[in-house]
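Me: I would like a close look at a single part of this model, followed by whatever else helps to place that part.

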Amino acid sequence: MDLTFNAEERAFEQEVRDFIAANLTPEMKRATALTPSVFSDPDIGMAWQRALHKKGWGAPGWPVDHGGPDWTPAQRWIFEAECARAGVPNVNVMGVKMVGPVIIGFGSPEQKNFYLPRILSGEDYWCQGYSEPGSGSDLASLKTRAVRDGDDYIINGTKIWTTHAHHANRMFALVRTNETERQQDGISFILIDMKTPGITTRPILTIGGDHEVNQVFFDDVRVPVANRVGEEGKGWTYGKYLLEFERGAGIASAKLRDVLKTIAELAESEVTGRAIDDPDIAVRMSEIEVDIDTLEMTELRVLSALQTGQNPGAVSSLLKLRNSEIRQAVTRLGVDVIGNDGLYVEPVRPLYRLNETPGIPEELLPVVPEYLNGRAYTIFGGSSEIQREIVAKMVLGL
Amino acid sequence: MDLTLSDEQRLLRESADRFISDTYTADHRRKIASDPLGFSADIWKQFADLGWLALPISETYGGLGGGAIEIGILMEAFGRGLVSEPYLSTVVIGASLISECGTDAQKHELLPKIADGSLILAFAHSERQARFDLSDVKTTAKKTPDGWRLDGQKTAVLDGNAAGQIIVSARDDGGKIGLFLMPRGATGLTSRDYPRLGGGRASNLDLNGVQLPAEAVFGDGSDALPAIEAVVDRAMAALGAEAVGIMQTLLDQTLEYTKIRKQFGRPLSANQVIRHRLADMAMQCDEARSMALRAALMADAEPVARGRAASGAKAKIGKCARFVAEQSVQLHGAMGVTEELDIGSYFKRLLAFDTLFGNSGHHYRRHAALGGRAVQA
């Protein structure tokens with residue numbers, strides 16, 4: 001057994017570092033640090049996606065014949081870890097990490113040829129149409145209907161919690177194409193152009209003060225049948241495949257380490273009156289650090305199993321649960337670290353483009369919004385309660 | 001980066017698992033519980049025959065040159081069986097202290113005896129006022145014309161009742177901590193032996209003018225604290241692996257029980273509150289497994305990294321162990337608090353695990369202090 005990477009992998013690590021140093025501008029880095037929502041704004045995220053694409057690294061998880069870089073699991077790990085360490089922006093994960101793999105796995109040749117290059121280049125920006133007002137955890141009960149009319153489906157209904165629907169030009173959605181006895185069997189997976197007539201988007205502000213999610217309404221929206229991925233009625237299978245990607249490809253610890261480092265630096269600074277000298281803060285910092293070490297080790301065990309061709313099992317739920325809980329613990333610690341400055345509210349967004357000097361040091365601005373928005377970590381992508389149910393079923397066989 | 005077992009390691013795990021499930025039945029444990037030795041001398045001999053006692057000892061001294069991973073594999077199996085043989089005291093701690101601090105002559109004399117099973121060791125270090133502070137030693141070692149004179153008290157000396165020789169830490173006139181080899185029958189030594197929580201035995205020692213020969217001191221008499229810290233860090237990694245074996249057993253038994261036990265006309269495991277509790281237990285078992293492995297992989301790192309890995313593991317596994325243990329009792333209902341099931345024995349062993357070498361709270365503080373934060377460990 002060996003925890004260290006070999007010479008080849010270390011050389012790759014250096015290549016990633018050099019790439020980041022050459023391409024991550026101070027503006028991107030600052031904007032990312034001052035983004036308290038889950039995703040970077042597209043102007044920041046897509047600038048980074050274009051840089052990655054130019055290097056051939058636009059979609060780390062894709063097979064090489066679709067433009068993936070053909071990395072080993074260890075290389076993917078190193079890449080993600082270095083990106084997190086450097087504080088790079090989030091790219092459009094709904095495109096690269098969610099719909100991309102589904103199109104690769106189940107799409108038609110035409111769909112692959114059309115959509116995949118546009119995801120890689122950053123030309124398309126995707127959003128995810130899954131949840132509905134009446135269908136959250138019980139996703140399979142979704143009611144948005146797609147009724148066949150010649151070569152089109154006519155879609156009516158509404159999707160909610162749609163991240164960046166106000167930025168996206170495309171949506172992948174689960175829609176009901178059939179009333180079946182088992183409700184999962186009547187669902188299809190469909191790709192929608194957001195400019196199609198009949199689509200309207202309503203912003204939803206979250207408690208951190210950010211506009212990240214939306215409700216999207218469909219009013220007799222015509223979508224070509226050719227935009228359906230795979231077979232009619234098999235959408236649930238494809239959607240679940242995607243959710244396993246959404247719950248994390250198993251490389252979350254590096255990002256957690258980066259967010260904890262930010263809080264640790266604040267705690268060690270005079271800006272917070274050296275909060276770290278409070279033994280309660282210092283010990284909680286250690287508790288979280290140990291939790292991150294634990295998650296990292298679990299991820300490395302999975303990585304090692306993947307490298308040797310073993311199946312790591314139903315581990316994505318375990319990783320998602322711990323990642324989300326640790327993320328919330330870090331943001332909670334952040335609020336305690338900044339003390340009275342946590343009472344300050346900055347309503348203007350984005351925080352990296354304020355016209356006036358804020359009332360507290362700039363680096364403290366995202367701390368409380370991150371905590372507030374961060375409550376969503378244990379809710380989106382299948383709530384913690386749903387994940388525990390999956391663990392009970394898949395890991396414990398209950 | 002490779003965290004898979006080698007073929008040799010897989011074989012070791014298979015033979016350990018087989019031996020434990022064949023030997024350590026509930027009946028065996030009940031018999032041993034009332035035994036004044038606290039373990040079976042016959043099984044100890046079998047450990048020697050299997051090569052387990054020679055495992056971490058260098059090949060130069062008749063050992064197999066194994067490392068923390070191999071020790072962890074054995075300890076996890078030991079946890080499943082609630083093994084009470086003095087493996088930790090003799091092999092994981094004793095042999096390591098001798099290897100770290102002993103002179104070449106001491107190593108040649110003592111290590112082969114550990115490997116062949118003829119020498120059982122105990123480590124007398126903890127003192128009442130020290131709690132879990134390894135550097136707090138008040139027992140004194142005074143140079144005499146014939147050798148050394150030791151005075152002081154030691155608590156929670158694991159397997160002190162069975163050890164032929166006891167390794168005692170004591171402070172010399174220069175204030176350095178030295179290690180001394182003391183025969184169990186030494187004049188001036190009073191030992192109060194007691195059954196230990198979770199199995200095995202331990203002793204509290206009174207050293208009242210114990211006379212030891214000059215060559216009883218380990219090595220050249222230089223400060224042994226760094227070596228003690230290294231050995232205890234590795235012992236905590238080994239104990240972590242043992243705890244994983246115990247936790248996994250509790251989870252397996254509790255899972256089984258909740259499927260069989262019916263109330264309100266259905267199995268307990270049909271209730272979501274129970275299913276989610278079991279999911280949490282499974283998760284914490286897995287987290288403990290990750291941290292025990294991490295501590296083993298970092299057992300030979302530089303002292304701060306090694307210490308943080310060991311303390312992090314001890315703290316995290318201690319927390320997970322308490323949860324899994326307490327929930328196992330809870331989900332067994334009233335049966336869980338009786339001596340009629342094995343659950344209680346496993347529970348008590350995990351409680352002892354959390355205490356040994358410092359509980360969760362202590363090790364989170366040590367982790368913070370080693371990270372340069374102003375926390376008293």
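At what angle do helix H9 and helix H10 of chain B pack, and how far apart are their axes?

Reply: This is a predicted model, and what follows is computed from it or taken from a record, as indicated.

In chain B, helix H9 spans residues 303–331 and helix H10 spans residues 343–355. The two pack at an angle of about 160 degrees, and their axes are 9 Å apart. Angles over 145 degrees count as roughly antiparallel, and H9(B) and H10(B) are therefore roughly antiparallel to each other. Their crossing is left-handed. On the H9(B) side the contact is made by B:Gly318, B:Ala321, B:Arg322, B:Ala325, B:Ser328 and B:Val329. H10(B) contributes B:Ile343, B:Phe347, B:Leu350, B:Leu351, B:Phe353 and B:Asp354. Sorted by class, the contact between H9(B) and H10(B) has 8 nonpolar, 2 polar and 2 charged residues.

The surroundings of this pair come next. The domain assignment divides chain B into domain 1 (7–118), domain 2 (122–216) and domain 3 (225–370). UniProt, in an unreviewed entry, places the annotation "domain: Acyl-CoA dehydrogenase/oxidase C-terminal" at residues 237–363 of chain B. That stretch of chain B is 76% helix and 3% strand, with its end C-alpha atoms 13 Å apart. Between domain 2 and domain 3 of chain B, the C-alpha centres are separated by 30 Å. The contact between these two domains involves 10 residues of domain 2 and 12 residues of domain 3. On the domain 2 side, the residues touching domain 3 of chain B divide into 4 nonpolar, 5 polar and 1 charged. One backbone detail of chain B concerns B:Ala156, which is located in strand E3 (residues 147–158). Its phi is near 50 degrees, a positive value in a residue other than glycine.

Chain A offers another helix pair. Helix H1 (residues 7–23) and helix H4 (residues 73–86) of chain A have axes that come within 10 Å and cross at roughly 35 degrees. The crossing of H1(A) and H4(A) is right-handed. From H1(A), the residues A:Glu9, A:Phe12, A:Glu13, A:Val16, A:Arg17 and A:Ile20 take part. They meet A:Ala74, A:Gln75, A:Ile78, A:Phe79, A:Glu82, A:Cys83 and A:Ala86 of H4(A). By class, the contact of H1(A) with H4(A) has 8 nonpolar, 1 polar and 4 charged residues.

The unreviewed UniProt entry also annotates chain A, giving "domain: Acyl-CoA dehydrogenase/oxidase N-terminal" for residues 7–123. Residues 7–123 of chain A are 68% helix and 0% strand, and the end C-alpha atoms lie 36 Å apart. For residues 127–221 of chain A, the record gives "domain: Acyl-CoA oxidase/dehydrogenase middle", again from an unreviewed entry. This span of chain A is 0% helix and 52% strand, with 17 Å between its end C-alpha atoms. Elsewhere in chain A, a cis peptide bond joins A:Arg349 and A:Pro350, with omega about -5 degrees. A:Pro350 belongs to the loop between H10 and helix H11 (367–374) of chain A.

Finally, the two chains touch: 32 residues of chain A are in contact with 31 residues of chain B. On the chain A side, the elements giving two or more residues are helix H9 (279–307), helix H10 (316–338) and helix H12 (384–395). H9(A) gives the most to that side, with 14 residues. By class, the side of chain A that touches chain B has 19 nonpolar, 6 polar and 7 charged residues.

How values were computed:
Residues are numbered from 1 along each chain as its sequence is written. Chains are lettered from A and ligands numbered from 1 in the order in which they are written. This is a predicted model: local features need pLDDT of at least 70, side-chain atom pairs count only at pLDDT 80 or more; totals for chains, interfaces and linings use all residues. UniProt positions are given in the numbering used here, feature names are shortened, and annotations may be inferred rather than shown by experiment. Helices (H or I, at least four residues) and strands (E, at least two) are DSSP runs, numbered from the N terminus. Axes are lines fitted to C-alpha atoms, for helices over the stretch in contact, and angles run from 0 to 180 degrees between N-to-C directions. Angles under 35 degrees count as roughly parallel, over 145 as roughly antiparallel, 65 to 115 as roughly perpendicular and the rest as oblique. A crossing is left-handed if the near helix is turned anticlockwise from the far one by less than a right angle, and right-handed if clockwise. Two residues are in contact if their C-beta atoms, placed from the backbone, lie within 7 Å. Ala, Val, Leu, Ile, Met, Phe, Trp, Tyr, Cys and Pro count as nonpolar, Asp, Glu, Lys and Arg as charged, and the others, Gly among them, as polar. Domain bounds come from an automatic or database domain assignment.
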